[in-house]
Amino acid sequence: MKKIILTGDRPTGNLHLGHYVGSVANRLKLQEEGGYEKFYIMIADTQALTDNADNVDKVKNNIVQVAIDYLSAGIDPNKVDIFIQSQVPELAEMTMYFMNLVTVARLNRNPTVKDELKLRGFNASIPVGFLCYPISQAADILAFGTTIVPVGEDQLPMIEQTREILRTFHSTYGKEVFAAPNALLPEKKVCGRLVGLDGAAKMSKSLGNCIFLKDEPEVVKQKVMSAYTDPNHIKVTDPGKVEGNVVFEYLDAFCKDEHFGRYLPEYANLEELKAHYRKGGLGDVKIKLFLNNILQELLEPIRQKRKELEKNIDAIYEMLFENSKKASEVAAKTLKNMKDAMGLDYYKFLKK
Ligand code: TRP
């Protein structure tokens, strides 16, 4: 089967460690493995506008920020096409037709949308566009014949809804137009939903509990030192809890055995470190400094690359422009197939 990969992010802020382990790491792996026909990363500005209609500048300014985050994290523009959602207008047209195949009740049941509605406190004033964004996301995915969608756990309901829309379309119009997409989650469970620094919820821009890929070294350190651990682990000698402890969750996500050799040679691996913490006698400062070393090692090259890329913003816009044009050509073909399948081929008898 053809392997076509597509994923994306809303440009409402810079990418953080949750994005990194949740999806960017898998993108880098797929990029290195190769063997795909096409690999798209979409900057989802249209989706970002569904709850930022009055804040266009924020979305606009973050488009290039997110593109720089991708490239500095190692996405190779020769292997992956990064494009802008709103610059592929076919997606909006596809969304219109898909809207007729989905009920309001079904949209209201989408668990991710439900969580987001609560978080944003929309109450009775939910923008229609926001409620419908899973439908537009289905268009993003189906327009390109996507078979693999590397995402974090919170996006599973969107992929499920996309598959439902595909089935309804095929059964309603009796023609197979679309390929079925599958989500690709990170191998480790902690990575699919990385907890925020406060330990209370997932890492999220809107909750202010993030370490950003672009954070300066002192900022990273200060955030790590403030991370939530075990509130009952007061004295170093007290036994500590590893579960629900943000530092250990991050170690689960980021630590490799080789890090011990470099930064904490008294232990062979994470299991030994956890055992010591559980028993008592291991202080929070020590584990935080260890985590800080690991994160600094990951983030330093990303930060350096970002500084290089920032010197030529025009080149980034040019890349986005070219890729969006190409993406629009691909989406136009799918849209044509889709309209033909629906019988919206009014002019087929016209002699040109
Ligand atoms: N919903 C995704 C997010 O919030 C962004 C997104 C839009 C997306 N369209 C997509 C992700 C298509 C994967 C595939 O980050």
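**Cores and helix packing in a predicted model**

Colleague: In which helix is P111 found, and is P111 buried, partly exposed or exposed?

Modeller: P111 is found in helix α6, which covers residues 111-120. The model is a predicted one. The relative accessible area of P111 is 46%. Buried means under 20% and exposed over 50%, so P111 counts as partly exposed.

Colleague: Where does the largest nonpolar core lie with respect to domain 1 and domain 2?

Modeller: This core holds 63 residues, of which L251, F254 and L273 touch the most other members. Helix α3 (residues 56-73) gives the most to the core, with eight residues. Domain 1 (4-194 + 313-350) and domain 2 (217-307) both give residues to the core, so it lies between them.

Colleague: Which residues does L251 touch, not counting those up to four places away in sequence?

Modeller: L251 is one of the residues that touch the most other members of the largest nonpolar core. With residues up to four places away in sequence left out, L251 touches L270, L273, F290, L291 and I294.

Colleague: How are α3 and α15 oriented to each other?

Modeller: Residues Q65, I68, D69, L71, S72 and A73 in α3 meet I302, K305, R306 and L309 in α15. The axes of α3 and helix α15 (residues 284-309) are 8 Å apart, and the packing angle is about 125 degrees. Angles of 65 to 115 degrees count as roughly perpendicular and those over 145 as roughly antiparallel. The two helices, α3 and α15, are therefore oblique to each other.

Key. Residues numbered from 1 in each chain as written. Predicted model: local features only at pLDDT ≥ 70, side-chain atom pairs only at ≥ 80, totals over all residues. Heavy atoms only, no water. Core = buried A, V, L, I, M, F, W, Y, C linked by side-chain atoms within 4.5 Å. Buried < 20%, exposed > 50% of the residue type's maximum accessible area, 1.4 Å probe, protein only. Helix = DSSP H or I, 4+ residues; strand = E, 2+ residues; numbered from the N terminus. Domains from an automatic or database assignment. Contact = heavy atoms within 4.5 Å. Axes fitted to C-alpha atoms, helices over the stretch in contact; angles between N-to-C directions. Parallel < 35°, antiparallel > 145°, perpendicular 65-115°, else oblique.
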